[in-house]
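Q: Please take a close look at one part of this model, a set of packed helices, and describe how they are arranged and which residues meet.

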Amino acid sequence: MRVGLDIGSTTIKCVVLDENDTLLYSTYERHYSHILEKAQELLRRIDAEQLHGRKALLSISGSAGMGLADSCGVPFVQEVFSTRVAVKKFVPATDCVIELGGEDAKILFLTNGTEVRMNGSCAGGTGAFIDQMATLLKMSADEMNKAAEQATRTYTIASRCGVFAKSDVQPLINQGAKTEDIAASIYKAVVNQTIAGLAQGRPIQGNILYLGGPLTFSTVLRKSFDEALGVTGTCPENSLLYVALGAALYADKEFVLSDVAAALDEYAATATYASEPPLFASKEEYEAFHARHISHSVPRVAFSAQCGPVHIGIDSGSTTVKLVVVDEQSQILYTNYQPNLGNPLPLIRQQLLKIYKEHTGLKVASVTTTGYGEELVKNAFRCDFGLVETVAHFTAAKYFMPDVDFIIDIGGQDMKCFKIEDGAISNIFLNEACSSGCGSFLQTFAQALGYDVKEFAALGLFADRPVDLGSRCTVFMNSSVKQAQKDGASIENISAGLSISVVKNALYKVIRASSPEELGRKIVVQGGTFYNEAVLRAFEKEMGVEVIRPDIAGLMGAYGAALFGLRQCRKNGQTTSAMMSEEELENFDQKVVSVKCGGCGNHCQLTVNTFADGRKFISGNRCDKPVTGKSEDNSLNLYAYKQQLLASYKPVAGKRGSIGIPLCLNMYELLPFWHAFWTKLGFAVHTSPVSSRGLYLAGQATIPSDTACFPAKLSHGHIKALTQMHLDAIFYPCLTYNIDEGLGDNHYNCPVVAYYPEVLAGNCPELKGQKFIYDYVGIHRPKDFVHKMVKDVLPKYFGGISEKEVQEAANAAYAEYEAHMAQIRVKGSEIIDEARRQGRRIIVLAGRPYHVDPEINHGIDHLITRHGAAVVTEDSISNRVEKFPTSVLNQWTYHSRLYAAAKYCTTQNDMDLVQLVSFGCGVDAITTDETREILQEGGKLYTQLKIDEITNLGAVNIRLRSLFAALDERDEDKK
Amino acid sequence: MEYNYPKFTPEMKKTHTILIPNMAITQFRLLEYALRYDGYKCEILGNCGSAVAQLGLKYVHNDTCYPALLVIGQFLDALNSGKYDLEHTALLITQTGGGCRASNYIHLLRKALVKAGYPNIPVASLNFSGLEKDSGFQMTLPLARRAIASVFYGDMLCALRNQVAPYENEKGAADKMVDLWVERLGRVLLAGKGFTSREMKHTFPLIAKDFKSIPVTRVPKVKVGVVGEIYVKYSPLGNNDLQKFLESQDCEVNFPGLMGFVQYCIFNMGEDHVLYGGKLAMKMGTDQLLNWLDSVERSMLKAEADAGFYAPGPFKELVEKPEGIISLGAKMGEGWLLTAEMIELVQGGYGNIVCAQPFGCLPNHIVGKGMVNKIRAMYPSANITPIDYDPSATKVNQENRIKLMLAVAKERLNAPAEAKPLTAEEIAGGAPSLSHV
């Protein structure tokens, strides 16, 4: 008899085989992280029911099984290895196995060179991810699969990690996209993630085997894989049990199972994990803490049938809807707080109707909306004002603490912090897409462990040794928790550890504070997550300061909105709201359709809400064209101008043939240079097409490092496109050094920009048989450049090019480059002058040359111009300052421009800088802090927008609006 | 924005204790003697534990590379410990001066010191690129020669120790031998001796002979090579004690030497001339230096080989390895060296490779992960696993991945036909599990 035990991150599986390797018994159960107890129980059960005390060959496998196996002396088999053993035995003709588990994703190539691939430290695209998404959609995994079967279309969702995808899915929900379509899109995202992250350039073909929970349970997921790979894979019998089967087959040591179970008792006793001090030293300490926080409350008065004019604030958040009614004295008459169930409108309608019905003769003076769904709600019900959520929260916090200098709001999905100086928001931190240690995370975790979130959080209050879970991305915490459980941490200590890590995330990831003094001493904390006393306590302990948590912590946005309405009414003398009447609300109806905009090449996916009275609300648009019917006005947008300039470089037929240049990374700046160079030499220079989602997806399978920045990953698609254009050669040189503009201590390119052609050459199979020129050249030394090109580079590929020709080509190239840069600076000046004439704000949207790519910047430039500001680039103004000392080594050309642009901004009243940062850009870990310091030194606000392949502009929009609101406030103060 | 950071003045040489982060343990132990001979008071930090990473996270941008977080965290933890007289303590950090963000560690450290309340602690830069010219800590020729000797000796001790320890009859014998030689060489270095090429060439065979004398029982073991970002590759703090873990899994481990990195840095200065032009004098100077190092290196390798140990090719051969895979122009971070070391290891029978890198390390996107496919295409037997290290990557995850690599390695070890790449059939057939089914 053979027994195999597979302990995964969420489930435990066990098989018993007889002498002929026939399956006698199997079980598949969730362990809710009670790994040890569950394993013991299972071992004893099998001993009693199947083996009756006889010895059996046993081995243990699975990601959570290693420590366990070690402690009881049972051989451990690595799970991928185990899978392979089982596949070889049961389905020997398999070429490739795709196995998705709770937190792992694996691909095994079995033929033509065995290779195994596992997901990296990123848990995206796995069962945990699917579960997380199902929770978000308020469905079980099964229901989500059923829904997805009904889908008619799919959206683009990043599945890199659950947090990313959430920020894609949430707006879709908020905009009213159909659940069926979202569900299908989630599965598609998993497929993309698996292929992009794990195939790494190796084609998946032949007989494909699907294993593991998600692929067994979801028909749509299997179908999505089939479609993406162009194959028909099979999901074999016992597809959940392959790891356990492999472990059983591998087993070569005999044990009495109940003895093993007994040996595990000792394992339980040896709990060692890094821990933190308990949250409360004593019950009394807790009582005092509790009493202190209960005292911060807003006066509430009865909402009688007859009362004076009221102001309504509605905060349509990412996961909840909040509504507050106040009277003219700012007292609360009524509050409501509920989950938005994917669509906020019916809930709000119901609430408003309820208020109308219960208070006949009620006079509503104003209705103000805020939050993610601000626009939709405002439009749907004809509300009076829309308010960016940051300002709403600030308004409410001031009620509790007029001289508040720091506000932190941790909601279900997002985290907002802002510093207040001189009565205005001086700095805003929103959680980056990678680190939302927020309420919904705690909730998902509580559910995964089989608890209700409130119950779960309360468990942690009196934990004796809270687990130290660190402060990185919450998705990684799954593995940390796993490890802690392995080390014997109790649920209480894990709960407390999670609460503490939420706080640490906020402080060290989002705000990057190093001391409480830095943040301020007058702190208001809000957001639903702070109802959790463990989080609240952890925050106070970590900060070393007592904070105010209002009793309406979860309603602050709505309360602030209501107060704003109240203030506006006083200012404008408004007495009656324009909101729908009771009758109109009764007849309110909402139809949602999703269409692809044909207005331009962006083909935005529009969500069109049509209301009963025929009004439409369109979202998902990157420009105003689908709304107003007019083309975008780009006269004050230097990004658009740069795109035009680059698009004007067309191939000119020449005597020597054709050459292709990928329009990616540094080519966004050097295209003029190389275009002139090769054209002069007699080559027709073709560029790859403008980036698009399709282009990216076409190349994504060849990306070897999934944590590289998006601009680099995009280049694979460009290379693929070029190889299909039948060109004589493709040219993309390696450039250690960039041109020295005299602004820094050195003039390097970053390692990725410098050497990415090496990666392309090594990983893009389509380059095989193509002439790919990726030599190392130094354009920073014009004389040597000519010499090296003539002597070392060109002769390798083309014969008969004379030194004179190369010299002339180089002259043309340098001249064209200079002219191009000059054009940008001239246009920049024009835009600045024109903006000043029109009295507009000027935003320096500072990035690197490739941030001009609309697929990379996601149209943020247009978003800014739609807010009425002009957009210029960092390179259009960087020449306006002399080299100045920085506190970091200023050694990259692109970043020298950034520092210079920041410096210049501090000398201009109407100019502010917004920095674009690509996720995964290691260099920006250094530049962002330096840029922030330069700007703050000069009394300017610093705004950073971190971007990736995600196209959700919602968070970006909030940031920009908060920035503009803060700037307006500053200007008002100055008057 | 600029801080007026405190400088390490020449007078401080006498008054201050210099703290040095730990990286390659044996090499750094010897380096300490070299610095002491030169008149510096110094201490190599040994503090580790979770406070180190936590302090790093607290005072350095969290997206900065893991080595920076750890090194800075280790310094701050040491300063917080109360063990040091803060009026008379200075810090030393390396600075490569390349296009990688590692050149900025020193500035991040200074920023962190200000934030953590130690604005007066001076920081000195250890570099060969002429950065921080106004510092009182200078890499003078005599110091450089002794430092080079320390690295050579340290590399050799590690290489031999790693080839003996897994097979030794008496556990700990090889480690004892390392300690013995470190002490002996330390005394020699403090006496102002032992650093000339003649002395080194005389000493190498003595070291080899001593290690050869340790009784061993040689049985086939899985041989694992480790390459990676320099800090994470060597530092147990950075790689969760990778060497210990691999040895606990019954492997022989090979860490290519630190001198390779030193030579690589020197070589790159000359290669710039080849690729982009510039002063020929630089190229000639570096060539000369490399020639000198080469003669010492060859005698070290010969001493190893003569005593029956595996010795890799000298640096001059290493330079040839990446031909057809990556250009020698890739010089940021570990650059082409990392790729070359992987090839050297594969050719030398250490085809099971852990490529250790900090999460999100930029050069490693290119020279590590980016080159694995190409190496595999040329050497199908290469069994490479890239492992990411960062403050929250769990040990379980990392060890799990390494174990997977080892599982494949063990199959191959048991399969007789080692010379040519195995087919999938052979691998599965060779699995111990199926042999008795």
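A: **Helix packing in chain B**

α8(B) and α12(B) are roughly parallel to each other, a term for angles under 35 degrees (over 145 is roughly antiparallel, 65 to 115 roughly perpendicular, the rest oblique). The model is predicted: local features need pLDDT of at least 70, side-chain atom pairs count only at pLDDT 80 or more, and totals for chains, interfaces and linings use all residues. Residues are numbered from 1 along each chain as its sequence is written, with chains lettered from A and ligands numbered from 1 in the order in which they are written.

Helix α12 of chain B covers residues 280-306, and its axis lies 8 Å from that of α8(B) at an angle of about 15°. Axes are lines fitted to C-alpha atoms, for helices over the stretch in contact, with angles from 0 to 180 degrees between N-to-C directions. Helices are DSSP runs (H or I, at least four residues), numbered from the N terminus. Residues of α8(B) that meet α12(B) include B:Ser197, B:Lys201 and B:Pro205; among their counterparts in α12(B) are B:Ser295, B:Met300 and B:Glu304. In contact means C-beta atoms, placed from the backbone, within 7 Å. This contact has 7 nonpolar, 3 polar and 3 charged residues. Ala, Val, Leu, Ile, Met, Phe, Trp, Tyr, Cys and Pro count as nonpolar, Asp, Glu, Lys and Arg as charged, and the others, Gly among them, as polar.

α8(B), residues 197-212, also packs with α6(B), residues 141-164: their axes come within 10 Å and cross at roughly 20°. These two helices are therefore roughly parallel as well. B:Phe152, B:Met156 and B:Leu160 are among the α6(B) residues in the contact, and B:Phe204, B:Ile207 and B:Phe211 among those of α8(B). Here the contact comprises 11 nonpolar, no polar and no charged residues.

Terms used
Two residues are in contact if their C-beta atoms, placed from the backbone, lie within 7 Å.
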